[in-house]
2 protein chains.
Amino acid sequence: MGPRAGHGVSTDDDLATFAGTGGAASVRVAAYLREQILRGHLAPGERIRQEEVAERLGASRLPVREALRMLEAEGLTEHEPHKGARVPRLSRHEVEVVYKMRERLEPLALLESLPLLDDDAHARLADVQRRIEDNDDLDRFLELDREFHLGTYSGCHIDPLNAMVTRLWNSTQHYRRAFVTLGGRDRMWVVNSEHRLILDAVVRRDGADAERFLRGHIRRTRIELGHHPAVFGEEG
Amino acid sequence: MGPRAGHGVSTDDDLATFAGTGGAASVRVAAYLREQILRGHLAPGERIRQEEVAERLGASRLPVREALRMLEAEGLTEHEPHKGARVPRLSRHEVEVVYKMRERLEPLALLESLPLLDDDAHARLADVQRRIEDNDDLDRFLELDREFHLGTYSGCHIDPLNAMVTRLWNSTQHYRRAFVTLGGRDRMWVVNSEHRLILDAVVRRDGADAERFLRGHIRRTRIELGHHPAVFGEEG
DNA sequence: GGGGTAGATTTCGGATCCAATCAGTGCCAC
DNA sequence: GTGGCACTGATTGGATCCGAAATCTACCCC
């Protein structure tokens, strides 16, 4: 284990996050690990030892095992018998394919969601977009960007579709972070104008435009991301 | 629990299937349940009690719990805290959306797989298609149809993509069975000619045609399926 | 000095026991 | 007669203990 900060030590933060959430222990453990992974505190390829997590959260290993299985369903961990769980590491090609999947699936999600988004939802989305533009922190940007996109699909309560889109976001979260951190900052105004176009189409309930703009938005992100070798740890 | 045949009784078949597979117990339990669900022995909405499965397979409840989580990741079961696992029941609209997802995702899978399928793979696919045309059993048709389609994607070893496509097939397996059983038989020659078109395009390595034919194939199936109320238990 | 193997340690997988929660039932009051 | 409540049986969730597999290490042989 590397000497990364905040690792191997049970901070008060950890326990607060854990205890703060109600419900079954396995669900709470899952929520804790989910946040750790999405926030980038656990990197792709990193192993997750059941005992360590259990000890840190004051639970036994069993709910940790259950939690890891739940996360597996969300694309956040992977499992190998007798070898344990890790955060999946995607190859450059795999990340690219996930983005291609997003190009096809998310416009569908938006299309299905579009007629069900009311004025209230539109206002919330506009607010999120305003906060993105006012924001200057990269980590916060990742959160808000996710909130914006998944928010535009929130009208459609089709479980299989939403679950899959969320899964795609989950599995590429780390690479998105690396991309934004490394040099995506210059691209932010492009992202914002594209968001504006999408939001406009959503408010107008123009399905064809919404679909087109969203597809283009994801496609351009994929291409830009593909040009950054460092995102995939290929800078050597 | 209904008086359905082969339910609640540990047949020799069950144990043979279970013991026959190697590997960890949870993996074997998962394989057993997976087959039960895909073969239609467990219907959507049906509850799966851990103890019953454990007893039937001669294992403890723990590997059953793990297996249920694995199946959850494959879209074959769903879980509610303190209420246990069930086979998911999809609404008409949900099934339709899953088919729309397939319309978008599977052509991508085929496109990614296309350049990697060699002559050997082509021969195997042609053989499967021949067996579909020679076949007269509806259950066998379901198996072979699945083998054909998933086989065309087998060249692409991108885990996220293949896993998702498989998941989509899993979650609609029951509705496909109901459809085929009820009246899809007349449509079989259509299915077969469409398969031939797809196979041809695959062999010619014509991505555009393959994608187009496949999308149309899934789309037509979705529309036909939508016309059968009984598939969704709406015949009252 | 390098590679391979055997032992020790670590970590995961499974069994059993106990606690928590839910559903169905019957009783009582209104 | 109906609605609500408490109780009981059934079922899942969690803890602890034990066994099995993999990894790491140290040692020996080449």
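Select B:H79 and DNA strand D: an N or O atom in the side chain of B:H79 is 2.9 Å from a phosphate oxygen of that strand. This is a polar contact, a pair of N or O atoms within 3.5 Å (within protein, one must be able to donate a hydrogen and the other to accept it, and residues adjacent in sequence count only if both atoms are side-chain atoms). The model is predicted: local features need pLDDT of at least 70, side-chain atom pairs count only at pLDDT 80 or more, and totals for chains, interfaces and linings use all residues. Residues are numbered from 1 along each chain as its sequence is written, chains are lettered from A and ligands numbered from 1 in the order in which they are written, and side-chain values use heavy atoms, with hydrogens and water left out.

Stay with strand D and add A:A25, where a polar backbone atom is 2.9 Å from a phosphate oxygen of the strand. Then pick B:R47, which has a polar side-chain atom 3.3 Å from a sugar or linking oxygen of DNA strand D. The elements that give two or more residues to this surface are α2 (25-38) and α4 (61-73) of chain A, with β1 (47-48) and α4 (61-73) of chain B. Helices (H or I, at least four residues) and strands (E, at least two) are DSSP runs, numbered from the N terminus.

Now show everything near strand D, meaning residues with a heavy atom within 4 Å of it. There are 18 residues around the strand, and A:A25, A:S60, A:K83, B:R61 and B:H79 come nearest. Of the strand D atoms within 4 Å of the protein, 70% belong to sugar or phosphate and the rest to bases. By class, the surface has 6 nonpolar, 7 polar and 5 charged residues. Here Ala, Val, Leu, Ile, Met, Phe, Trp, Tyr, Cys and Pro count as nonpolar, Asp, Glu, Lys and Arg as charged, and the others, Gly among them, as polar.

Next, select DNA strand C. It is surrounded by 18 residues, the closest being A:R61, A:H79, B:A25, B:S60 and B:K83. Sugar and phosphate make up 70% of the strand C atoms that come within 4 Å of the protein. Polar backbone atoms approach phosphate oxygens of strand C at B:A25 (2.8 Å), at B:S26 (3.1 Å) and at A:H82 (3.4 Å).

Hide the DNA and colour by chain. The contact (heavy atoms within 4.5 Å) takes 28 residues from chain A and 28 residues from chain B. The two chains bury about 2,900 Å² between them, 66% of it on carbon and sulfur atoms. Buried area is the accessible area (1.4 Å probe) that two parts lose on being put together, summed over both. In chain B, label B:R69, B:R104 and B:M164, which lose the most area to chain A, together 25% of what that side buries.
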